[in-house]
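Me: I am new to this structure and would like to learn how its features get their names. Could we go through them together?

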Amino acid sequence: MTENDVLVRINKRLLELSKIPRINQEGSIAKRLKEKGFSRRDFMKWAGAMSAFMALPSSFAPSIAKAAELSDRLPVIWLHMAECTGCSESLLRSDTPTIDSLIFDYISLEYHETLMAAAGHQAERNLHDAIKKYKNRYILMVEGAIPTGATEHYLTIGAEGHTGKQIAQNACENAAAIFSIGTCSSFGGIQAAHPNPSNSKALSVITSKQVINVPGCPPSEKNIVGTLLHFILFGTLPALDVYNRPKWAYGLRIHDLCERRGHFDAGEFVQSFGDEGAKQGFCLYKVGCKGPYTFNNCSRERFNSHTSWPIQAGHGCIGCSEPDFWDTMGPFEEPMADRLYNTPFGIGSDAVSDKIGVGILALTAVGIAAHAAIAAMKKGDNDE
Amino acid sequence: MSERKIVIDPITRIEGHLRVEVVVDDNNVVKEAYSGSTLWRGIEQIVKGRDPRDVGFFTQRICGVCTYSHYKAGIIAVENALGITPPLNAQLTRTLMNAALFVHDHIVHFYHLHGLDWVDVISALSADPKKASEVAFKFTDLPYACGEDKLKEVQKRVGEFAAKGNLGPFANAYFGHSTYKLSPEENLIALSHYLECLRIQRIAAQLMAIFGGKNPHPQSLTVGGVTCVMDIESPARLGEYLTKLKEIQEFVNRAYYPDLVMAAKAYANEPSVLNDIGVANLYTFKEFQIGANEWLFESGIIKNGDLSKVYDVDESLITEEATHAWYEDDKALHPYDGKTDPKYTGLIDGESIGEDGRMVHSKLFNTKGKYSWIKAPRYGGESLQVGPLANIVVNYAKGNKYVVPVVDKFLKDTGLPLSAVLSTLGRTATRMLEAKIITDNTITAFNNLIENLKTDRETCAKYSIDKNKEYKGRYMGHVPRGTLSHWCRIKDGVITNWQAVVPSTWNASPKDAKGQMGSYEACLIGLKIADVTQPLEIVRKIHSYDPCIACAVHVMDTKGAKLGEYKIDANLKG
């Protein structure tokens, strides 16, 4: 499909969306932007930045602007399953450009337990009414894993004691699109780590409908907002990787664009936290960085309005957007090939690499280890 | 006399899943109260067998709201077990991140989670913005975001929502309830701050990310110290921290403080927020290292609300039991020896007051048996209350030099007696005072860090883990919701036992074997409900504790049984 074909498809979709009535009958996001002091030029600049962020050619910027304007057609239901609320907190950080947060301000957040004013019966009423009123039109965002099987009742909500699984399945049934926000709802996350005492599962396991995964513990606010925009642009069929993650956000390894990559190539490593290498900003591979095995855009986008990210703060990546990373990436402060501790998951890099899942990643693991070793040796030679 | 049950599930605007049930008599007065969590995840079970250096990352995921507290606690518990003292630079950097956490948590709690229990958004729409801008000067000489034009803009923004009958997140709230006490103008002032706080909380999150890498779930602590050595050595980074800290401090002093003075005055005669101390035994633990040997808050216990004596904390007296919690073993055990297998017995069929006031079929707690995933921690067999109220009151009673003048000024500004602090209003006000004391004094830790860096560049202590040795250690300290402790055992180089006794466990605890209530339950007894279909008074009281239920729900099984395998009766008859 050529770029032009894609644009034609997008424009067709945006036209369809524009025929859906607004949730807020008065005003529009364009009007709201104006009220907030954004000029059309600011807005287009933002749309250009978003296209770059979403790895789209700059010719897509007008479509992104249009998509943002059409976000006021979307009611959103956000469910909390077995989780820590970190993903909701991440969403609240959405900031730069402020247009991001404005969009979340402007879409209609029909149900969100952390933010909504209503409680008890009134809260349940909001959920029930939204599912009915916006049937096949709402976007469902789910935070947290779902306890299943004999332990399904480890999560109940509401006076009738419905289980999380029942509520999530019911909400999935009539959703226009379903996003798993965060690693827990995408892959089970921490509660699904060995021995998974609550039998927690990913959302995609309990519904037959397509689920787009936006993993990360938590995902950045940009990946959440970007996924929403991407849905508006492309419908439910963005380019997804093998784990149903949007490729624009999860297409590259952390390692590929890491600011410490030059030190990796030069064989300059932090050997232990607090050493001279740490003060110089050397590569964190030897203190356990999982950047080479982790697909996400943290090294480009960072967190909290570009303030920082773990590797800048001197700690290696722990691989939080990968399936089962709690069981396969540890110990977090040792390279994969150098496990010192007997854990329930076996000793040695082979056992670990096998569990990473995709063959190419296992090969990468070996390649990276070799690369690091060779680079370090070279460095040693030079020192002599 | 008939007795009817009110069920509130979900309690929203909190972290996690919480249900409260109360029994009211003919006069709508609460006779019995039960609070319980309806979700269990089992993180302490999951950390068993793991590398001790990794556990901080696991415990951090206990909660994404107090996203730094359990991270730090998990790391320090291991440091304590291994006998490690981190370098001063690391300790002070941890304090700078902790300040960001506290202020973020407290402002978000007041404005976005709890504020709507005090502030009637609909009422704000009928305010006169000009008058409101004048009213703001009654509570501070330098009002924040309260100019007439600003207030007009706020009113217009929210008014547009309301006019369309679409209140978004404000929909179906209890607005208009008879226990809302602020005037329309006062409501408008608070609403303006509600919106401003959306921006300020982002800055507070950035404040943590400067040295933490990100927020939520920062990632720059390691057993032995901190990893953000480049950031703390960078003048640009330090400057960034200072600028953002000052911006937040402005908000606390010019918006948060005056808003609490305003609320305290307006609610001073509202019976549903006063005289409800709940559990009167107050417990706090030292926190906020601001210098080599200096801490902002000290430890102590006050018994039965008697401020004339503060007792030292004896950590050997802490136990947890599960008579009314969904776990196998009921016996009270010290956290080092905590033993718990889940034993879910479900909800039972019954009736409660429905949306329209009529009785409807509901699933209810089996209050004679087990009814919560939260265990009952006790101190020498007694319930304790923790949180900013306990922290501020204990430190006030001890004559803490950072606390006493701030409390005295607040009492003078509001005209309230000290006894009024022991209430729902007090819980909300002391949280603000805590945020103020922290933001006003973080600069000391900041300056001490810079001073120390001139002669000392250490950020991480060296250590080794002897696989042939057994270790045990703990973290005890104060976090936004109160006193937190983590307890660990290490053997063969891996974690063999982990137990977290968290603030919300103390406050939200179910009854124990002796029938003693936790503070949530205790503070509801005797409360008169104006409208049983809109139990705002209950929600307001529960929110005043800033519930954090994901934190409160945890379990440790020392036998390594497969917890997920327990069979549950699908019908769950109690």
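Me: How many residues of chain A and chain B are in contact, and what makes it a contact?

Reply: In this predicted model, 96 residues from chain A and 101 residues from chain B take part. They count because contact means heavy atoms within 4.5 Å.

Me: What area is buried between chain A and chain B?

Reply: About 8,400 Å², of which carbon and sulfur atoms give 52%.

Me: Why is the pair Arg50(B) and Asp327(A) called a salt bridge?

Reply: The two side chains meet at 2.9 Å, N to O. The rule asks for a side-chain nitrogen of Lys or Arg within 4 Å of a carboxyl oxygen of Asp or Glu, so this pair qualifies. Across the interface of chain A and chain B, the rule finds three salt bridges. There are also 37 residue pairs in polar contact across this interface.

Me: Which element gives the most to the side of chain A that touches chain B?

Reply: That is α7(A), with seven residues. As a whole, this side of chain A divides into 39 nonpolar, 38 polar and 19 charged residues.

Me: What makes Glu287(B) and Lys72(B) a salt bridge, and which parts does the pair tie together?

Reply: Their side chains meet at 2.9 Å, N to O, and the cut-off is 4 Å, so the name fits. Glu287(B) lies in strand β7 of chain B and Lys72(B) in helix α3 of chain B, so the pair ties together parts that are 215 residues apart in sequence. A search over all chains finds 50 salt bridges.

Me: Why is the largest space inside called a cavity?

Reply: It is called a cavity because a 1.4 Å probe fits there but cannot get out. The largest cavity has a volume of about 120 Å³. It is lined by 14 residues, and the closest to its centre are Ile254(A), Cys298(A), Pro310(A), Cys317(A) and Cys320(A). The lining divides into eight nonpolar residues, five polar and one charged.

Me: Where are cis peptide bonds found in chain B?

Reply: One joins Asp9(B) and Pro10(B), with omega at about 5 degrees. Pro10(B) sits in the loop between β1 and β2 of chain B. Another joins Asn215(B) and Pro216(B), with omega at about 0 degrees, and Pro216(B) is in the loop between α8 and β4 of chain B. Most peptide bonds are trans.

Me: What makes Asn196(A) worth a mention?

Reply: Its phi is near 45 degrees, a positive value in a residue other than glycine. Most residues other than glycine have a negative phi. Asn196(A) lies in the loop between α9 and β8 of chain A.

Notes: Residues numbered from 1 in each chain as written. Chains lettered and ligands numbered in written order. Predicted model: local features only at pLDDT ≥ 70, side-chain atom pairs only at ≥ 80, totals over all residues. Heavy atoms only, no water. 1 Å grid on protein atoms, 1.4 Å probe; cavity = no way out; pocket = protein on both sides within 12 Å on 5 of 7 lines; lining within 4 Å. Points joined across faces, edges and corners; volume = space filled by probe spheres on them. Nonpolar A, V, L, I, M, F, W, Y, C, P; charged D, E, K, R; others polar. Buried area = accessible area lost by both parts, 1.4 Å probe. Polar contact = N/O pair within 3.5 Å; in protein donor to acceptor, adjacent residues only side chain to side chain. Helix = DSSP H or I, 4+ residues; strand = E, 2+ residues; numbered from the N terminus.
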